[in-house]
Amino acid sequence: MTSELSSPVSSSSAAVPAHLLPQRVRHANPVRRVQVLRVGRPTPGVVSVTLGGEALRGFVSAGFDDHLKLMLPPAPGRPLVLPTLQDGRVSWPADLSEAERPVMRDYTPLHFDAQALELDLEFALHGEGPAATWAARARPGDEVGLGGPRGSMVLPAGHDAYVLAGDESALPAIARRLAELPAGTRVTALIEVATAEEQRALASAAQVQLRWLVRGAAAPGQRLLEAARETPLPAGTVFVWAAGEALTMAELRTHWLGQGQPAALMRVSAYWRQGLSGHHENLG
């Protein structure tokens, strides 16, 4: 599928060189019907699912924090009815009720093998959400739908260092970024997880200072906030990326702005919000 490069993400700081600004790339990824090939458990609280099928031919994911729309059957045993795209807009069968539409959630493509036509996703098993429930029961042969990614944030080379921070929901994007960064790149990674058993090796050629933060009985995001506040930003031109619970992310963004981090070199996203279902928001 074709991709179109658009203008750089707007900067709130004129001091940031234009060649270091993220670029927006748009894709023409259609809705796809794919099948579960393999299911694994990298840690007790995470399910890995490999999806495959001829429908993945032409799949594009250019940014490490891309999100696609995962479409699941409305209930176990119910048929999976997928929409079509007409002039870029989602179109449903006229006789399809709301209750018959698939459950849709946003997920980050962890890895795509264009030769094997295999796509890896990971699901954090926190809470009782429909996607986590589906992942815990997923078996080879199960069908799901995929929409997008419709666009990507692509980071140019040239930043002196990176800061990556988040909780379990951000782990696929962090793991993907670490795997993609070249040797010699300086990275500080702060990852909050529920228990020590959720820690694991993350492959990277970069120079990574990785700190696992075990939440335990603390409130979600508390350990991450504490660690970010006591960890100075690296020297030089730094790109800061974070994702996780909405209120925590808002506080992190405010903190880093107060430390002098340019908003143009920062991307903070709310991947979920306590008490809400299906929340996803870019905070800037």
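In the predicted model, the cavity search returns 1 cavity of 30 Å³ or more. The space enclosed by this largest cavity amounts to about 40 Å³. Its lining consists of Val163, Thr188, Leu190, Ala228, Thr231, Pro232, Leu233 and Trp256. By residue class, 6 of these are nonpolar and 2 are polar, and no charged residue takes part in the lining of the largest cavity.

Open pockets were examined as well. For the second largest pocket the volume is about 360 Å³. A total of 18 residues line this pocket, and those nearest its centre are Pro73, Ala75, Pro76, Gly77 and Trp134. The lining of the second largest pocket comprises 11 nonpolar, 2 polar and 5 charged residues. Charged side chains are thus represented in the pocket lining, with 5 residues, whereas the lining of the largest cavity has none. The greatest contribution to the pocket lining comes from helix 1 (residues 130–137), which supplies 4 residues.

Turning to the strands, strand 16 (residues 238–245) runs parallel to strand 17, and the pairing extends over 6 bridges. Within this arrangement, glycine 244 is placed opposite alanine 270 of strand 17. The connection from strand 16 to strand 17 passes through helix 4 (residues 246–258), forming a β-α-β crossover of right-handed sense. Strand 17 (residues 266–272) is mostly covered, with 6 of its 7 residues buried.

Conventions
Residues numbered from 1 in each chain as written. Predicted model: local features only at pLDDT ≥ 70, side-chain atom pairs only at ≥ 80, totals over all residues. Heavy atoms only, no water. 1 Å grid on protein atoms, 1.4 Å probe; cavity = no way out; pocket = protein on both sides within 12 Å on 5 of 7 lines; lining within 4 Å. Points joined across faces, edges and corners; volume = space filled by probe spheres on them. Helix = DSSP H or I, 4+ residues; strand = E, 2+ residues; numbered from the N terminus. Nonpolar A, V, L, I, M, F, W, Y, C, P; charged D, E, K, R; others polar. Buried < 20%, exposed > 50% of the residue type's maximum accessible area, 1.4 Å probe, protein only. Pairing = 2+ DSSP bridges. Right-handed = clockwise from strand over helix to strand, strands pointing away.
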